Amino acid sequence: MYKERKMIDEGTTVTVIGLGLIGGALCHTFKKKGLKVTGVSRSETIAKALEMKIINDGFEYSRIPEALSGSSFVFVCTPLLDIGERLGDIFQHVDKNTVISDVGSTKSVICSIAEKHIRKGVYFIGGHPMAGSEKRGIENSNPYLFYDAVYVLTPLPGTPKKVVKKLSSLIDLLGANVMILPSEVHDEIAANVSHLPQLLAVLLTNHLAEKNNDLFRNLAAGGFRDMTRIASSSYAMWGDIIKTNMNEVKKALSDFKKELSYLTDRLSDDNYLDRFFVNAQKERKTIPRYSKGFLKPLFDVRVAVQDKHGELARITNTIYYHDVNIKDIEIVNIREGEGGILRLGFSEKKDALKAASALQAIGCEVAVMD
Ligand code: NAP
């Protein structure tokens, strides 16, 4: 993990292309931090962003050259396949010394497209914030999305260290933790810890659907439902992810198939099964509980807390009196005199919503992350 606290000058211009969930969240935070934010999206989205006061200026896609002029950083936040298609145009129109990045969920394909367009004095560093939601669109974005999330950066080979540091400083403003990885390593890890579980969740759910029996469905409440929560994700984003990480996903599925068949052959081997379970228990303990990785285990509520006496008690007491059980609690990004962000984890979405509205009623600024 790399954490850089160097300040980015106020007034630095950042251009964000594609003001959806992720792009909107970047605008929110950068604007709050005093940067000059230019948005590029459809005109209706730009109008919403201006109304939300999360950009200083907005342009439609046809005016990208104007939007890029004078920008120090450019973030491409459109759907994965669209990012690759836009890069050529962006490289052509940015000023010298601009750092271009993206937020796509896979990195090798995008980085190899960027490598083809790279020109002297312009830099590309791939990015993947490990934060998000099943929801789409600017209306679901909020400035706390990236707090405490791992934010992977995948610099092209030969990118000067000082340029990587500069982008890391900017990401630091989001409250995220930068992790620098080669793009192919990112994609291999993502295939195993995110793309494979996603496909397995969908497969398990469809396995249940095959039974087409309400008795099975009723008994699937609980563990089965928890395990397959991510099966509700939309194919729109996942289609692009699978297409752009096909080889790694195939490798992960093939390894898994071998492991499944090995397990099937040993189902009557008590010793083997005992070791199998013990091993899983040990492994699970080594998975960090609090840092957000590729999958989100709980429904989080972020609360802006002021640095004043009794504030934490006021928040937790309010939730207690509304009969909601907090599963995780953590203070992230606290700064002396400025306050910070409190992350509250709930096992059910309805609990997160109930807690959020109770906190709003006592005047707290909150965001529900799902
Ligand atoms: P989103 O909410 O749907 O936002 C994408 C935005 O891109 C849209 O609001 C849309 O704005 C614009 N856009 C441009 N061309 C488009 C097209 N052909 N189809 C649809 N929208 C188009 O999606 P998102 O969740 O922010 O995802 C954006 C990127 O972030 C993706 O590359 C994804 O891989 C990555 N990412 C997502 C998550 C997550 O959990 N959601 C997490 C990490 C990374 P206009 O309508 O104004 O053009």
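Two strands are taken to pair if DSSP finds at least two bridges between them. On this basis, the predicted model shows β6 (123-129) and β7 (150-155) pairing in the antiparallel sense, over five bridges. Within this pairing, the bridge partner of I125 in β7 is P155. On strand β5 (residues 99-102), three bridges are made to β6, and these two strands run parallel. Here the partner of I100 in β6 is F124. The connection from β5 to β6 passes through helix α5 (residues 108-117), and the resulting β-α-β crossover is right-handed.

The burial of β6 was examined next. Seven of the seven residues of β6 are buried, so the strand is largely enclosed by the rest of the structure. In a regular strand the side chains alternate between the two faces of the sheet. In β6, Y123, I125, G127 and P129 point one way, whereas F124, G126 and H128 point the other way, and all are buried. I125, the residue bridged to P155 of β7, and F124, the residue bridged to I100, thus point in opposite directions from β6.

The loop between β6 and β7 contains D148. This aspartate is buried, with a relative accessible area of 12%, a value that falls under the 20% cut-off. D148 is separated from E134 by 14 residues in sequence and by 19 Å in space, C-alpha to C-alpha.

Helix α7 (residues 183-211) comprises 29 residues, which at 1.5 Å a residue should span 42 Å; the end C-alpha atoms are 40 Å apart, in agreement with this expectation. The helix nevertheless has a kink of about 45°, centred on A191. A191 is itself buried, as are other residues of α7, including S183, H186, D187, A190, S194, H195 and L208. After α7 comes N212, whose phi is positive, near 45°.

With regard to cysteine pairing, the structure holds zero disulfides. A disulfide is a covalent bond between the sulfur atoms of two cysteines. For C27, the closest cysteine sulfur is that of C77, at 7.5 Å, which is too far for a bond because a disulfide requires the sulfur atoms to lie within 2.5 Å. Conversely, the cysteine sulfur closest to that of C77 belongs to C27. Both residues are buried: the relative accessible area is 0% for C27 and 11% for C77.

Methods: Residues numbered from 1 in each chain as written. Predicted model: local features only at pLDDT ≥ 70, side-chain atom pairs only at ≥ 80, totals over all residues. Heavy atoms only, no water. Helix = DSSP H or I, 4+ residues; strand = E, 2+ residues; numbered from the N terminus. Buried < 20%, exposed > 50% of the residue type's maximum accessible area, 1.4 Å probe, protein only. Expected span 1.5 Å × (residues − 1). Bend = angle between axes of the 7 residues up to and from the residue. Right-handed = clockwise from strand over helix to strand, strands pointing away.
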